[in-house]
Amino acid sequence: MSTALAELVNIFSLETIEQGIFRGASQELHLPQLFGGQVLGQAVTAASLTVSSEKTLHSIHGYFIRKGRASRPVLYQIDSLHDGRSFSTRQITASQDGKPIFTASASFHIAEPGLSYQATMPEVPGPEGLALEIDLLKGSEFLAQQVRLRFSAAQAIEVRTVDLIDPSKPVAQQPVKRFWFKAAGALPEDRALHRSILAYASDIGLLITSLLPHGVSDLQDDTQVASLDHALWIHQDIRADEWLLYVMDSPWSGSGRGLSRGSIYNARGEMVASVAQEGLIRKL
């Protein structure tokens, strides 16, 4: 396991303060605020620690309330709302310095058979041979340097892009983004950890899709971008250390907000998760 991946896995090893209260270390990714995927992934871990092992997370719906800081740890309080035979529900509040920065509801479900259907995975090239985003930079050197800085801090997740989108050279284009991703190394056999890392990765580039029709980049000084909410549904067991295809689109933006959606497939074409997010996209 690489140092970067080991550090990522470590942020999901939460410290137990008392029953239902946990503390997680924060990760510096050189973003204007704490990475929302970190908070979402740690919230999944914290809630999972309060649920029996036969139930696994199938959905989480969260709101980002305040901007978090990467220089401070995050405290997670879990309230048990319901424990039934098939489902358990948890309320999660994440805070820094005594103030909530994120709140979410999470639902856990036992495995059971049922009617099955899924949308077909689009036909795209496999991850082998595709470029890293950092290899595509041909625009503004100022923006390219910011991409390199973030890449150096985020090598725990390997991303190989299907669509040639250069964040250092923003141009107006269709609001569609597709890439393969996986943890950059083997992970332990821990279903909760794989779900936490999937939640973490589900925030990578999602909101940026709603910027594509406007030809602007979140790296520009006159653009303010921040997640407002995030919803994740996990449809089946996943391995976050095997290639997953993330297919994103944005059906709408307006009033200073943008809406993005995503479907995640494994390499066998099985849909493993669905995602939706609304965020702030504001020109200053």
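This is a short talk on the overall build of one protein chain and on its second largest pocket.

Okay, so first, this is a predicted model: local features need pLDDT of at least 70, side-chain atom pairs count only at pLDDT 80 or more, and totals for chains, interfaces and linings use all residues. Residues are numbered from 1 along each chain as its sequence is written, and side-chain values use heavy atoms, with hydrogens and water left out.

The overall build, then. We've got four helices and 13 strands, taken as DSSP runs numbered from the N terminus (helices H or I, at least four residues; strands E, at least two). Of the 284 residues, 48% count as buried, meaning under 20% relative accessible area with a 1.4 Å probe, protein chains only.

There's also a record to mention: UniProt, in an unreviewed entry, puts "domain: Acyl-CoA thioesterase-like N-terminal HotDog" on residues 34–109; such annotations may be inferred rather than shown by experiment. That span is 17% helix and 54% strand, and its end C-alpha atoms sit 30 Å apart.

Now the pocket. By pocket I mean an open set of points on a 1 Å grid over the protein atoms alone, where a 1.4 Å probe fits, with protein on both sides within 12 Å along at least five of seven lines; lining residues have an atom within 4 Å of a point. The second largest one is about 390 Å³, counting the space filled by probe spheres set on the points, which are joined across faces, edges and corners. Eighteen residues line this pocket, and His58, His109, Ile234, His235 and Gln236 lie nearest its centre. Strand 3 gives the most to that lining, three residues.

Notes:
Buried < 20%, exposed > 50% of the residue type's maximum accessible area, 1.4 Å probe, protein only.
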